[in-house]
Amino acid sequence: VRTAADPKGLAASIRGLLRSLNRNAMVASISTMEQVLDVQRAGRRFQTWLVSVFSGLALLLAALGVFAIMHYSVAARTGEIGIRMALGADSRTIALLVLKDGARLALLGILIGTLGALWSANAIAGMLYLVKPADPVAFGAAALTLVLVALLASYLPALRAAHVDPMVALRSE
């Protein structure tokens with residue numbers, strides 16, 4: 001029954017109409033189409049939520065991994081950074097050097113991840129709606145997001161490298 005009024009208010013009259021048409025008809029429950037569709041979509045909604053949560057966790061782990069690697073790299077290269085600064089490199093140049101290393105690391109990860117995603121794209125084809133398994137826009141958006149996260153994760157180690165005191169770094173060697 002299509003109505004502009006509140007569908008719950010029409011339930012009693014619909015039951016009465018059905019009983020008047022067929023005395024043997026049993027009406028167990030009356031639901032709106034929105035309720036029926038919500039029940040049918042509940043499984044997909046949960047799957048989407050679960051994929052979103054795990055994707056967010058994977059992105060967080062990737063960011064922490066890039067941060068840890070870049071932090072270790074800066075700590076291991078403190079002497080080199082001190083020499084570069086003693087020879088005239090400014091803070092901006094050193095920070096860009098570290099950010100480039102982070103971007104290089106991210107691009108390598110994106111390349112490997114893209115190949116893996118293309119290889120396994122058909123496995124999730126049934127979960128996608130209005131998106132092809134190897135959609136270039138989705139892959140581009142994911143790659144851009146990962147590059148931005150990697151650069152953000154490399155930012156603090158880059159700041160640390162940019163503020164290395166050349167004299168302290170050279171004395172520690």
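Buried denotes a relative accessible area under 20%, exposed over 50%, and partly exposed in between, computed with a 1.4 Å probe on protein chains only. The model is predicted, with local features requiring pLDDT of at least 70 and side-chain atom pairs counting only at pLDDT 80 or more, while totals for chains, interfaces and linings use all residues. Residues are numbered from 1 along each chain as its sequence is written, and side-chain values use heavy atoms, leaving out hydrogens and water.

**Figure 1. Length and bend of helix 5, residues 136–162.** Helices are DSSP runs (H or I, at least four residues) numbered from the N terminus. The expected span is 1.5 Å times one less than the number of residues. For the 27 residues of helix 5 this gives 39 Å, which agrees with the 37 Å between the end C-alpha atoms. A bend of about 35° occurs at Tyr155, and Pro157 follows within four residues; the bend is the angle between axes fitted to the seven residues ending at a position and the seven starting there.

**Figure 2. Buried residues of helix 5.** Val149, Ala150, Ala153, Ser154, Pro157, Ala158, Ala161 and Ala162 are the buried residues of this helix. They pack against helix 2 (33–76), helix 3 (78–86) and helix 4 (91–119).

**Figure 3. Surroundings of Ser154 in helix 5.** Ser154 has a relative accessible area of 0% and is therefore buried. Leaving aside residues up to four places away in sequence, Ser154 touches Val66, Met70, Val98, Leu99 and Gly102, where contact means heavy atoms within 4.5 Å.

**Figure 4. The largest pocket, with a volume of about 1000 Å³.** Of its 34 lining residues, Ser55, Ala117, Ala138, Ala142 and Leu146 are the closest to the centre. Helix 2, helix 4 and helix 5 are the elements that give two or more residues to this lining, and helix 2 provides the largest share, 10 residues. On a 1 Å grid over the protein atoms alone, a pocket is an open set of points with protein on both sides within 12 Å along at least five of seven lines, whereas a cavity is a set where a 1.4 Å probe fits but cannot get out; lining residues have an atom within 4 Å of a point.

**Figure 5. The largest cavity, holding about 30 Å³ of space.** The lining consists of Met70, Ser73, Val74, Arg77, Ile81, Leu97, Val98 and Asp101. Helix 2 and helix 4 each supply at least two of these residues.

Notes. Grid points are joined across faces, edges and corners, and a volume is the space filled by probe spheres set on the points.
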